[in-house]
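Work through the exercises below with the sequence and the 3D structure at hand. Try each task before you read its solution.

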There are 2 protein chains.
Amino acid sequence: MENYNEVIKNMNLKFRNIDNNKLILAITKNKDNLVLMTAFMNEESLKKTLETGYMHYYSTSRKKLWRKGEESGNIQKVLNIYRDCDGDALLFEVEQTGWACHEGYMSCFHYEIKKDGNYKAFGTKFD
Amino acid sequence: MENYNEVIKNMNLKFRNIDNNKLILAITKNKDNLVLMTAFMNEESLKKTLETGYMHYYSTSRKKLWRKGEESGNIQKVLNIYRDCDGDALLFEVEQTGWACHEGYMSCFHYEIKKDGNYKAFGTKFD
C-alpha cells in the first residue's frame with residue numbers, strides 16, 4: 001500500500017498559509033487542454049486525490065475537504081499531474097464526467113470579459 | 001481614456017484577503033491552450049494589465065507588482081480574458097514572447113509527477 005505521506009513529500013510542494021490553512025493551488029484541465037476550474041487543495045485533499053484517483057479540493061469558504069462531484073456526479077478522474085517550477089501549484093489533467101461548473105457549463109471559465117469589463121457567458125449550457 | 005476603475009468594477013471580481021493583500025488568481029495560457037503559469041494579481045497589477053495590454057502580476061514574496069518579462073524580455077501580450085463563475089480567478093490568453101518560465105521552459109508546469117511523487121522535467125529547454 002502506497003505511503004502517500006512519502007509521495008507528497010517527494011512532490012516537494014510549497015504549501016501557502018491562507019487563513020490558517022496550508023494550501024496549494026490546483027488547476028484542473030481536461031485532455032483537450034480546456035481549463036476546467038481552479039481551487040485550493042490542502043494536504044488532506046491532495047492525499048485523498050492521490051489515494052482515490054479522483055479530484056478532491058479544499059473549500060476555504062466551507063472550511064472543509066470536498067470531493068468534486070460528490071453531489072452532482074460530475075467527478076474528475078486524474079490522468080496526469082504536473083508541478084510548476086516553485087511547487088506551489090499543480091496542474092491536473094482529468095477525465096471529466098459531465099461538466100465541471102455548477103452553473104452547467106463544461107468549464108468554470110465560461111465568461112468572456114469585454115473591453116468595458118462586462119462579461120458574457122459563452123459555450124454550451126448542459127444543465 | 002478608459003476608466004479602468006469602472007472596467008474592474010464591471011468585472012465583478014472577488015478579491016481574496018491573503019497576507020493583508022486583496023488578490024485574485026491569474027492563470028495564463030497561450031493560444032495553443034498550453035497553461036503557461038499561474039500567479040496572483042492585486043487590483044493595481046490588474047489595472048496595469050488592462051491599461052498596457054501586457055501581463056502584470058503581484059508577487060506575494062516580494063510584496064510588489066511586477067511586469068512579466070521586465071527583466072527577461074519574455075513579455076505576455078493579452079489576447080483574451082475569461083472570468084470564472086465566482087469571480088475569484090481570471091484566465092488570460094496571451095501571446096508569449098520567448099518562454100514563460102524562468103527555468104527556461106515555455107511553461108512553468110514542466111514537471112511531470114510520477115506515481116511515487118518524484119517529478120521529472122519534460123519539454124524543450126530554451127535557455
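The exercises go from the overall build of a chain to its rings and charges.

This is a predicted model, in which local features need pLDDT of at least 70, side-chain atom pairs count only at pLDDT 80 or more, and totals for chains, interfaces and linings use all residues. Residues are numbered from 1 along each chain as its sequence is written, chains are lettered from A and ligands numbered from 1 in the order in which they are written, and side-chain values use heavy atoms, without hydrogens and water.

**Exercise 1.** Find how many helices and strands chain A has, and give their order.

Solution.
- Step 1: Apply the rule. Helices (H or I, at least four residues) and strands (E, at least two) are DSSP runs, numbered from the N terminus.
- Step 2: Count. Chain A holds 2 helices and 9 strands.
- Step 3: Read from the N terminus. The order is α-β-β-β-α-β-β-β-β-β-β.

**Exercise 2.** Test whether the radius of gyration of chain A agrees with that of a compact globule.

Solution.
- Step 1: Take the rule. The radius is taken over C-alpha atoms, and the globule value is 2.2 Å times the number of residues to the power 0.38.
- Step 2: Insert the length. For 127 residues the rule gives a value near 14 Å.
- Step 3: Compare. Chain A has 15 Å, which agrees.
- Step 4: Add the box. The C-alpha atoms of chain A fill roughly 45 × 30 × 30 Å along the principal axes.

**Exercise 3.** Decide where the buried residues of helix H2 of chain B lie around its axis.

Solution.
- Step 1: Define buried: under 20% relative accessible area (exposed is over 50%, partly exposed in between; 1.4 Å probe, protein chains only).
- Step 2: List them. In H2(B), residues 43-52, they are Ser45(B), Leu46(B), Thr49(B) and Leu50(B).
- Step 3: Find the arc, from the directions between the helix axis and the C-beta atoms. The four cover only 135°, so they sit on the same side of H2(B).
- Step 4: Look past the end. Just after H2(B), Gly53(B) has a positive phi of about 80°.

**Exercise 4.** Classify the ring pair Tyr57(B) and Trp66(B).

Solution.
- Step 1: Recall the rule. Rings of Phe, Tyr and Trp (its six-membered ring) pair if their centres lie within 6.5 Å; planes under 30 degrees apart are stacked, over 60 edge-to-face, the rest tilted.
- Step 2: Count. The rule gives 8 aromatic pairs over all chains.
- Step 3: Apply it. The centres of Tyr57(B) and Trp66(B) are 5.2 Å apart and the planes are at 35°, so the pair is tilted.
- Step 4: Check burial. Tyr57(B) and Trp66(B) are both buried.
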